[in-house]
Structures are given as structure tokens and as C-alpha cells.
Amino acid sequence: MSAGGQSVVEFLSSVLPAPGDSRLEDKFQRPLVTLTFAQSLDGKIAGKEGKQLILSGRESMLMTHWMRTKHDAILVGIGTALNDDPQLNSRHIPEDERPSHLPRPVILDANLRLRPDCKLLKNYRGRKGRRPWVICDANLTPDDERKSTLEDAGARVIGVPSVDGEISSGFIMIPDLLKVLYNFGIKTLMVEGGATIIGSFLAEPARTKLNAIVDTLIITISPTLIGDDGVGYGEKLSATQIPSLKHIRTEVMGRDVVVVSALE
């Protein structure tokens, strides 16, 4: 392993809860959750109308790919899946250092808008990635054409009961999502965004009066300014929803600063 790769792995080992942590006791009925994303200095995570921005430098991007290998699954929302067409793999790790473990891609897609020709499904069909799980509204009929189209393309479609929520009709509550993933064997979950997903995970404890559902928050801060056209993640969070943070560690990685906190 290269010196850079070794330092990244040591850094992650020092900040990520390890499987077998006491917080994985059955009473929680949810995975350990790492919420992570890159942002500009002015708090933007995407460009105009959600257009993808490459904010992470080489070193912090490598960290993200190593972090993926430390989790059972990676979750993104349908907005990120449509705008970025991500692969959610560890391709930036040199082949001779790459762990054999590949995380499970999970897309939160209540209304089944994922494209059957997306990279995640192409990679699975080409045996270059694991089978994606698509989490949808369980109220969709079993013979819905969108469901069968995605299943024919290789996805596993999993229904979770939805509620009429503040964000939209048919909104899947995060605790329900986490319980389903836990019951399917996901014990560690990495959440990468986008803005709606990040806001939901941060606001959920205040909304439902639960304890924090994010165990580790890892934010990469890029020395870049985006401006008003960029998309942030905190605009819809009220002061009462902003969680308290406990600082764990701050690390400089190349041009970026990585801040690690725990939610209290």
C-alpha cells in the first residue's frame, strides 16, 4: 500500500465507528450511519439546478473511495442519481491496493424515476459492481411498469411504506428506511447526498423526536466559491432542527480540509 493510501486508511480507522460497536445493538434496529459530502467555502454542494460539481481534490476523493469500502452500503437520493449518474464504487483506489469488498449501491427513489440505462445498472450487468437496491414507495402497485422495467435492467426494488409528509406526497421517512436496510443485513451505511437527503438526515431527530440517526458527519471543504447559482443543503433547516455537533478531528488532505464530527 502506498504511503498516501496508508495515511487515508489510518485516518478513517480513527474516525469511523467499527462494526461491532456497542451502538449496533439490536435495540437500535438501524445501521451505523456516516453522512459525508463535499462542499465549497460558501456551503454549496452542487451547481445550478443540481448540476454536478467536482469539489473534492485528488486526496480527498481517494479518501471518499476508501470510505466506501468501509461500509456495507452507500445511499444517494434520486436527484443525485439522475443528475450525476454515479457509479458509487472504489475505482480511484489503485488496483493493487483495492479491497475486495464492494459496497451495495442504494437509491432512495420513492416514485421509481431511476433510468434503466444508468451506470449503476450497466456496471452490475457487466459484473463491475454489485446489484443496486432501489427503495420506493410500497404503495406502488406490484405490476407497475416502472418497477418491472428496473427489475428487468437488474435492480432489486424494495418497497417501504410512505406517508404524506412536509416534503412531498408519498414521502419515505428516514427511520423506516433505516429499519428496512438493517433487516436486509446492512449494518454500516454511508450517505452521500444530495441536498434533500442530507437535510432529511440532519433534521429527522427534531422532526420525529428521536435520537440522532447520524453517527459520524464527515465534510470535505473545498477552497472554492460557487455563488448564488449553487445548491446548498441547509436552506430548509430551521434553527430548531440543526443538530449539536461534537468535533472529532480535522485533517488537511491536499488542497481540502476534512472535518469530522459526531451528532449529539
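Q: Is Arg30 buried or exposed?
A: Let's start with the cut-offs: buried means under 20% relative accessible area, exposed means over 50%, and partly exposed lies in between, with a 1.4 Å probe and protein chains only as cover. Arg30 has a relative accessible area of 11%. That value falls under the first cut-off, so Arg30 counts as buried.

Q: What pLDDT do local features need in this model?
A: Residues are numbered from 1 along each chain as its sequence is written, and side-chain values use heavy atoms, with hydrogens and water left out. This is a predicted model, in which totals for chains, interfaces and linings use all residues, side-chain atom pairs count only at pLDDT 80 or more, and local features need pLDDT of at least 70.

Q: Which residue forms a salt bridge with Arg30?
A: A salt bridge here is a side-chain nitrogen of Lys or Arg within 4 Å of a carboxyl oxygen of Asp or Glu. The closest N and O atoms of the Arg30 pair are 2.9 Å apart. The partner counts as buried, at 6% relative accessibility. The partner's name is Asp215.

Q: How many residues apart in sequence are the parts that Arg30 and Asp215 tie together?
A: Helices (H or I, at least four residues) and strands (E, at least two) are DSSP runs numbered from the N terminus. Arg30 lies in the loop between helix H1 (3-15) and strand S1 (32-39), while Asp215 lies in the loop between H7 and strand S8 (216-221). The pair therefore ties together parts that are apart in sequence by 185 residues.

Q: Which residue forms a salt bridge with Arg68?
A: The closest N and O atoms of this pair are 2.8 Å apart. The bridge links distant parts of the chain, from Arg68 in helix H2 to a residue in strand S7, 124 residues apart. Arg68 is buried, with a relative accessible area of 8%. The partner in S7 is Glu192.

Q: How many of the 11 residues of H2 are buried?
A: H2 is mostly covered. Its buried residues include Trp66, Met67 and Arg68. Thr64, also in helix H2 (residues 58-68), counts as buried at 12% relative accessibility. The number of buried residues in H2 is eight.

Q: Which residues is Thr64 in contact with, leaving aside its neighbours within four places in sequence?
A: Contact means heavy atoms within 4.5 Å. You have already met one of the two residues, as the salt-bridge partner of Arg68. With sequence neighbours within four places left aside, Thr64 touches Met190 and Glu192.

Q: What is the relative accessible area of Asp256?
A: Asp256 forms a salt bridge with Arg255, and their closest N and O atoms are 3.3 Å apart. Arg255 counts as partly exposed, at 46% relative accessibility. Asp256, on the other hand, is buried, with a relative accessible area of 0%.

Q: What is the relative accessible area of Leu112, a residue with a positive phi?
A: Most residues other than glycine have a negative phi. Leu112 has phi near 55°, a positive value. Leu112 is found in the loop between S4 and helix H4 (119-125). Leu112 is buried, and its relative accessible area is 5%.

Q: What is the omega of the peptide bond from Gly193 to Gly194?
A: Most peptide bonds are trans. The bond from Gly193 to Gly194 is cis. Gly194 sits in the loop between strand S7 (188-193) and helix H7 (195-208). The omega of this bond is near 10°.

Q: How far apart are the C-alpha atoms of Thr149 and Pro116?
A: Thr149 is found in helix H5 (residues 145-153). Thr149 is partly exposed, with a relative accessible area of 34%. Thr149 and Pro116 are 33 residues apart along the chain, and their C-alpha atoms are separated by 7.0 Å.

Q: How many strands are there in the chain?
A: Looking at the whole chain, buried residues make up 50% of the 264 residues. Among contacts between residues at least 6 apart in sequence, 75% join residues at least 24 apart. The chain has seven helices, and its number of strands is 11.
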